[in-house]
Every structure is written in C-alpha cells, then in structure tokens.
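This report introduces a protein model to a reader who has not met it before. It begins with a single contact between side chains and then turns to the wider picture.

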Amino acid sequence: MDAQALLYERVAAHVAALIERGALRPGDRVPSVRRLSQQQGVSVSTVIQAYQHLEGSGLIEARPQSGHYVRRRGAALPEPRAPRTSTTPSKVSVASLVAKVYGAARDPHIVPFGAATPSPELLPTDRLNATLARIARASGAVGVAYDPPPGCPALRRQIARRAVERGCAITADDVVTTVGAMEALGLCLRAVAQPGDTVAIESPLYFGLLQLIESLRIRALEIPCQPGSGIDLDALEEALAAHKIKAVLTLPVISQPLGASMSDAAKERLVEMLARRDIPLIEDDIYGELYFGPAMPRPAKAFDEAGLVMLCSSFTKTLAPGYRVGYAVPGRFRDQVEQLKFANSVATPTLPQLAIADFVENGGYEHHLRAMRRKLAAQVEQVSAAIAEHFPAGTRVSRPAGGFVLWVELPPGTSALELHARALAHSISVAPGPIFSAKPRFANCIRMSCGYPWSDLLAHAVRTLGKLAREVAERPGPELG
C-alpha cells in the first residue's frame with residue numbers, strides 16, 4: 001500500500017471518528033476540502049480521495065455548490081408503503097377529528113412536531129418587517145385602500161418572473177393574488193366543481209385540503225401517492241376511465257405529507273392525460289421553492305399548453321406565514337377565479353403584498369431561500385436520524401425531496417391516535433395519520449414537522465416519542481389501512 005493511500009485512509013478515519021462520536025451530526029456540513037487539507041497537513045487531492053471514500057461508505061454526501069454533509073442515518077430505514085387504491089369516491093369528514101387533534105396543540109410550551117410551520121429563526125423577519133414599515137410610510141392612502149382582484153401589480157410581476165424562471169409561460173396578467181394558498185385552492189376548486197362532484201386527490205393529503213373539500217361538499221376519490229415518485233399515474237388513469245372526475249388536486253413538486261416529487265416526464269404525462277379529457281389540474285405548489293436537490297424543479301404548469309393547470313402557492317412557508325399572501329395562476333379559468341375572489345374576500349391586504357413584492361425584488365429573496373433550503377435539509381436529516389435511533393423496529397420514514405415534514409409509518413397495528421394523546425401528555429404534538437385521508441386509513445402513521453432548528457429540547461422530545469411509540473406498539477390496536 002503506497003503512502004498516498006495510507007494518507008487518504010487516515011483522513012477518512014479521522015472524519016468517520018468525528019461522525020461516530022457525534023461531533024459531526026447528521027445534516028452537519030463537514031470541513032471544506034481546503035480547510036481539512038490545512039488541518040491535516042495533506043494535499044487537496046488526498047482530502048478529495050478521502051471524501052470519495054466516505055461517500056462510497058455512505059457516511060457523507062456531496063451537495064452541488066454547497067459542499068459535503070454527514071448523511072442522515074435515517075436513510076437506512078425503508079420508506080413508507082403506498083396506500084391501497086381507492087375504488088369509490090367518498091364524502092370527506094375530517095373536520096371534527098382535526099379540531100379534536102389540534103384543539104390542544106396551540107400551547108406555545110408544546111414541542112411543535114405537529115404543526116407544519118417554519119421557525120421564525122429561519123425567516124427574514126426583521127428585514128421583512130423593516131420593508132413593511134418603509135412601504136407603509138411611503139404608500140400613503142394606497143396602503144390602506146382596497147386592492148381588488150387580480151391584486152397588486154408589483155407582486156404579480158414578481159410572481160410571474162419567478163414562474164418563468166421555472167419554465168412557466170405566464171405573465172403578470174395571468175396571476176390573481178389571494179389570502180394565502182388555501183384561498184387560492186378553494187377558489188380554483190369552486191371554479192371547476194360543484195357540491196356533489198368528484199375530485200381526484202393524492203393520498204395521503206394535507207388535512208387542510210381535506211377540510212376545504214369537505215366544506216365545499218365535494219366528493220374525494222383518493223389516488224395513492226408513491227413515496228418516491230408522487231401520485232400513481234396508472235391508478236389515476238384507471239380512475240379517470242371508471243368515474244366522472246371534474247378535477248384532479250395534487251402536489252407534483254414536494255407532496256404533503258410524503259415529500260415526494262414527480263419527474264418531469266411524469267408531470268408531462270399527467271398534464272397530457274388530463275388535457276385529453278379536458279379535466280383541470282389544480283396544482284398545489286406551496287413547497288415548490290423549498291427543494292433539496294441541485295436543480296430548481298419545474299411545476300406541472302410548465303407543461304400546460306391548454307390552460308387547464310391551475311397553479312396555486314403562497315409565501316407562507318418561505319417568508320411570512322402571518323402575512324397570508326398567496327396566489328393562483330388559473331389558466332383558462334382566470335375570469336371565474338377573479339370573480340370568485342371578489343365575492344369571497346373582496347381584496348387581498350395591500351401592505352403585505354407591497355412588502356413581499358419589494359422584498360422579492362430587492363431584499364435578497366433568492367439568497368434567503370438558498371440558506372433556508374440548506375437549514376431545512378439539515379433539520380430533516382437530524383430528525384430522521386433520531387427517529388431511526390429511537391423509534392421501534394419496523395418503523396418506516398419518508399425521504400422528502402424538500403420542505404420540512406416527515407411521514408412516519410409505525411409498526412402495523414400501532415395506534416397513531418393513542419400515540420398522539422400520550423405525546424400531548426408529555427407536551428409534544430404530532431399529527432396523526434387518520435386526518436390525512438377521507439377514508440379510515442393511515443391509523444399507524446404520523447406526520448412530524450422539522451421546521452425548527454435541532455436542539456436539546458427536540459432531541460429529548462424525539463427520544464420521548466420513540467419510547468412512547470414502543471409502548472404503544474407493544475399493545476397494538478386494529479390497523480385501518
């Protein structure tokens with residue numbers, strides 16, 4: 001064995017030891033190649049060889065234009081299984097269960113694994129508030145006036161510009177601003193479906209969307225969402241042939257709660273499949289800019305040539321949840337959505353729109369997003385690793401392509417509702433799986449938010465959850481699917 005080989009193995013062993021001792025935790029960035037070469041007194045090429053060896057061993061991973069990071073140990077856990085295909089539409093009735101689950105979780109002293117909100121520490125709060133104050137001083141009467149649909153021109157220009165960068169052929173005139181993404185999605189649903197109609201949805205699906213569907217008295221036909229690739233297009237095609245479906249609601253880029261992202265080829269197939277049948281696609285893109293990969297993913301809207309894709313999103317996950325600024329790009333249904341917007345809420349608040357438009361254009365929004373993506377990826381890895389270490393054998397964990405939630409499948413028969421209740425008694429919230437389906441499903445699943453920076457408090461909470469999950473798993477109840 002030559003001296004060079006001995007050197008790179010020594011360097012690799014040094015980094016591996018730091019990881020083993022916990023000095024470098026899952027999601028942490030390891031020293032740069034140049035820095036480690038200086039610390040160890042070796043050449044840059046030796047460090048590169050050592051890092052390649054560690055990558056091959058699965059201890060670290062390279063992220064383009066970012067460096068090397070400790071790979072999460074949770075990746076060793078298998079991903080959750082896709083649900084069974086649903087054969088019949090069903091009425092949605094989750095509101096009472098959601099209210100029961102979340103009524104006790106508003107206490108600020110509760111560890112918030114149950115709420116999919118980013119920590120204020122990850123948001124440019126001071127800069128954004130300063131922008132809002134400056135805009136308020138300068139806007140005069142405009143700042144307190146109604147801003148009727150389609151909404152703030154400056155904001156719509158910025159939304160259109162960013163959408164064009166992601167491959168969407170739209171202009172500011174195609175955008176309608178809304179009070180958050182939920183209003184955008186509700187307006188789009190109302191524009192294309194009536195009470196009693198059937199809408200195909202991916203499953204599992206964010207419970208807020210299920211509540212929205214329930215409030216509109218629309219029936220839901222659940223299509224399995226595959227952990228790695230998104231909505232099952234073969235199952236969807238069969239459903240379209242068997243049922244009269246008025247629209248499809250899905251999250252092609254970073255689904256919720258699985259965190260799956262469809263390939264461009266799959267998105268194109270989805271858009272073409274629906275265009276052939278003249279069926280609208282309502283695309284929820286709320287996590288679209290919080291991707292972890294090296295390339296910005298294109299939404300399904302980028303493949304829309306018929307105006308049937310209704311893109312909805314907001315700035316609530318990336319900038320300011322409380323500003324409640326969202327938007328819809330409804331394609332051929334723009335006029336209906338604009339009219340419904342006026343009837344629903346008259347206008348979107350003016351000052352938050354102006355502040356966000358200014359920040360996106362001048363406040364370093366892209367720089368903020370890059371930093372936020374890195375931090376969220378690290379937090380997801382840290383929580384995943386802790387779950388792998390502390391939860392019962394047989395646990396499965398999603399590997400999200402972005403965002404900040406994990407879908408955890410507990411051993412068969414483990415009651416997520418019982419775990420939720422026990423966790424609340426220890427001041428920890430989780431979101432139990434049954435609220436993510438219109439049918440009695442996901443009884444042994446929970447969603448966990450990774451929106452807060454890793455800390456001793458969170459580490460203790462995951463250990464406690466793991467202990468509680470093991471206790472619940474030892475005396476299982478019936479599994480509902």
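## A salt bridge between two helices

In this predicted model, the side chains of R162 and E366 form a salt bridge, with a distance of 2.7 Å from N to O. R162 belongs to helix α6 (residues 153-165) and E366 to helix α13, so the pair ties together parts that are 204 residues apart in sequence. Side chains of opposite charge can pair when their charged atoms come close.

The two partners can also be described by their exposure. R162 has a relative accessibility of 9% and counts as buried, because buried means under 20%. E366, with a relative accessible area of 24%, is partly exposed.

## Overall form

The protein has 15 helices and 16 strands. Along the principal axes, its C-alpha atoms fill a box of roughly 75 × 60 × 45 Å. For 481 residues, a compact globule would have a radius of gyration near 23 Å, and the value for the protein, 23 Å, agrees with this. Of the 481 residues, 57% are buried.

## Salt bridges within helices

The structure holds 22 salt bridges. One of them joins the side chains of D264 and K267, at 3.3 Å from N to O. Both residues lie in helix α10 (residues 264-277), where they are 3 residues apart, about one turn of the helix. D264 is partly exposed at 32% relative accessibility, whereas K267 is buried at 2%.

A further salt bridge links the side chains of K467 and E471, with 2.7 Å from N to O. This pair lies in helix α15 (residues 456-474), with the two residues 4 apart, about one turn of the helix. K467 has a relative accessible area of 45% and is partly exposed; E471 is likewise partly exposed, at 27% relative accessibility.

Salt bridges also occur as a network, and D234, E237, R269, R276 and R277 are linked in this way.

## Patches on the surface

A positive patch on the surface is formed by R29, R370, R374 and K375. One of these residues, R370, is located in helix α13 (residues 365-390). The relative accessibility of R370 is 41%, so R370 counts as partly exposed. Helix α13 therefore holds R370 of the positive patch as well as E366, the partner of R162 in the salt bridge described above.

A nonpolar patch is made up of Y146, F342 and V346, which together have about 360 Å² of accessible area. F342 sits in helix α11 (residues 334-345) and is partly exposed, with a relative accessible area of 47%. V346 lies in the loop between α11 and α12 (350-362). This valine is partly exposed too, with a relative accessible area of 32%.

## Backbone details in the loops

V346 also has a notable backbone angle: its phi is positive, at about 65 degrees, although the residue is not a glycine. F442 likewise has a positive phi in a residue other than glycine, with a value near 60 degrees. The place of F442 is the loop between β15 (431-432) and β16 (445-449). At 5% relative accessibility, F442 counts as buried, while V346 is partly exposed.

Which peptide bonds are cis, and where do their prolines lie? One cis peptide bond joins S203 and P204, with omega about 5 degrees. P204 is found in the loop between β5 (198-203) and α8 (207-215). Another cis peptide bond runs from Q256 to P257, with omega near 25 degrees. P257 lies in the loop between β8 (247-250) and α10. Helix α10 is also the element that contains D264 and K267.

## Summary

The picture combines several kinds of feature. R162 in helix α6 and E366 in helix α13 are paired although they are 204 residues apart in sequence, whereas D264 and K267 pair within helix α10. On the surface there are a positive patch that includes R370 and a nonpolar patch that includes F342 and V346. In the loops, V346 and F442 show positive phi values, and P204 and P257 follow cis peptide bonds.

Conventions:
Residues numbered from 1 in each chain as written. Predicted model: local features only at pLDDT ≥ 70, side-chain atom pairs only at ≥ 80, totals over all residues. Heavy atoms only, no water. Patch = residues over 30% accessible without salt bridge, like charges linked within 9 Å, V, L, I, M, F, W, Y side chains within 5 Å. Areas by Shrake-Rupley, 256 points an atom, 1.4 Å probe, with all protein chains shown as cover. Salt bridge = Lys/Arg side-chain N within 4 Å of Asp/Glu carboxyl O. Lys, Arg positive; Asp, Glu negative; His and termini not counted. Charge placed at Lys NZ, Arg CZ, Asp CG, Glu CD. Buried < 20%, exposed > 50% of the residue type's maximum accessible area, 1.4 Å probe, protein only. Rg over C-alpha atoms; globule rule 2.2 N^0.38 Å.
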